[in-house]
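The following exercises concern a single model and are each followed by a worked solution. Please examine the sequence and the structure before attempting them.

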Amino acid sequence: MSEILISPSILSADFAKLGEEVANIDRAGADMIHIDVMDNHYVPNLTIGPMVVKALKPHSQKPFDVHLMVSPVDALISQFVDAGSDIITVHPDAGPHLHRTLQSIKSLGAKAGVALNPATPVSSLDPVIEDIDLILVMSVNPGFGGQSFIKSQIQKISTLRGMIDGSGRDIILEVDGGVNPDTSVLCRDAGANALVAGSAVFKGPGTYAENIAAIRGRSTSQAA
Ligand code: DX5
Ligand code: ZN
């Protein structure tokens, strides 16, 4: 497998200087910029809207990996695409018609992802596997940064790796929540090829590059 993609979550950044923080993680080796959008309805937290995404866009050329934890989600899709989202990930229970939501994301030119909460079964993806570019395995319950990794999700990552390989499609398998240099190894071994990390990246000014490198670890090709 090629080297793993690291997508730092700016949820743990200094919100008083978000643009600078995005530029900092870009320079520190981030492959994507993970933006957690929470609405105090689908999840009990309130974070970032499309205006902020638009303001951050000039601060990095890396893909904006936007994770929508909002319900209802459909009316916000075009606003987040217009703001500069490259990948938009939604939760299956955040709208009445997942297939329609995914088509809407793709018709506007963004890549479409689906997030699975810890209790959401892999089978919920069966009907839409041909329609997605990314699967986001939630290894915490969504809503907050800094939670502990739920180890039962490792089996789900392995199952999804088999499903993706079986589909023959180029789908990113990303893990989100409690990812640190220890749990990243478990995710990679199970077949993930992208990792989100918030608190393990933003541990203090000047440490981002070493934190990202520690989470990335050694790739299989380097180990061989
Ligand atoms: C949780 C978010 C995650 C979270 C990751 O709802 O989707 O992206 O911020 O934060 P850490 O890495 O601190 O668990
Ligand atoms: Zn997220």
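**Exercise 1.** Determine how much space lies in the largest pocket of this predicted model, and describe the lining of that pocket.

*Solution.* Begin with the volume: the largest pocket holds about 290 Å³ of space. Next, consider the lining, to which 26 residues contribute. Gly145, Gly146, Asp176, Gly177 and Gly178 are the lining residues that lie nearest the centre of the pocket. Then assign the lining to secondary structure: β2, β3 and β8 are the elements that give two or more residues to it. Finally, sort the lining by class, which yields 11 nonpolar, 13 polar and two charged residues.

**Exercise 2.** Locate ligand 1 and characterise the shell of residues around it.

*Solution.* The first step is to place the ligand: ligand 1 sits in the largest pocket. The second step is to list its surroundings. There are 20 residues around ligand 1, and those that come nearest are Asp36, Gly146, Asp176, Gly198 and Ser199. The third step is to trace the shell to its strands. At least two shell residues are supplied by each of β2 (33-38), β3 (64-69) and β8 (194-197), and β2 accounts for the largest share, with three residues. The last step is the division by class: eight residues of the shell are nonpolar, 10 are polar and two are charged.

**Exercise 3.** Identify side chains that place an N or O atom within 3.5 Å of an oxygen atom of ligand 1, and state how much of the ligand the protein buries.

*Solution.* Take the side chains in turn. For Ser199, an N or O atom of the side chain is 2.6 Å from an oxygen atom of ligand 1. For Asp36, the separation between a polar side-chain atom and a ligand oxygen is 2.7 Å. For His67, the corresponding separation is 3.2 Å. Turning to burial, ligand 1 exposes 380 Å² when taken alone, and the protein buries 100% of that area.

**Exercise 4.** Where do Pro72 and Asn40 lie, and what is the backbone geometry at each?

*Solution.* Start from the general expectation: most residues other than glycine have a negative phi, and most peptide bonds are trans. Now examine Pro72, which is in the loop between β3 and α3 (77-82). The peptide bond joining Ser71 and Pro72 is cis, with omega about 0°. Asn40, in turn, is in the loop between β2 and α2 (50-56). Its phi is positive, near 60°, although Asn40 is a residue other than glycine.

Terms used:
Residues are numbered from 1 along each chain as its sequence is written. Chains are lettered from A and ligands numbered from 1 in the order in which they are written. This is a predicted model: local features need pLDDT of at least 70, side-chain atom pairs count only at pLDDT 80 or more; totals for chains, interfaces and linings use all residues. Side-chain values use heavy atoms; hydrogens and water are left out. A residue is near a molecule or strand if one of its heavy atoms lies within 4 Å of it. A polar contact is a pair of N or O atoms within 3.5 Å; within protein, one must be able to donate a hydrogen and the other to accept it, and residues adjacent in sequence count only if both atoms are side-chain atoms. Accessible areas come from the Shrake-Rupley method with a 1.4 Å probe; for residues, only the protein chains shown count as cover. On a 1 Å grid over the protein atoms alone, a cavity is a set of points where a 1.4 Å probe fits but cannot get out, and a pocket is an open set with protein on both sides within 12 Å along at least five of seven lines; lining residues have an atom within 4 Å of a point. A molecule sits in a cavity or pocket if more than half of its atoms lie within 2 Å of its grid points. Helices (H or I, at least four residues) and strands (E, at least two) are DSSP runs, numbered from the N terminus. Ala, Val, Leu, Ile, Met, Phe, Trp, Tyr, Cys and Pro count as nonpolar, Asp, Glu, Lys and Arg as charged, and the others, Gly among them, as polar. Grid points are joined across faces, edges and corners, and a volume is the space filled by probe spheres set on the points.
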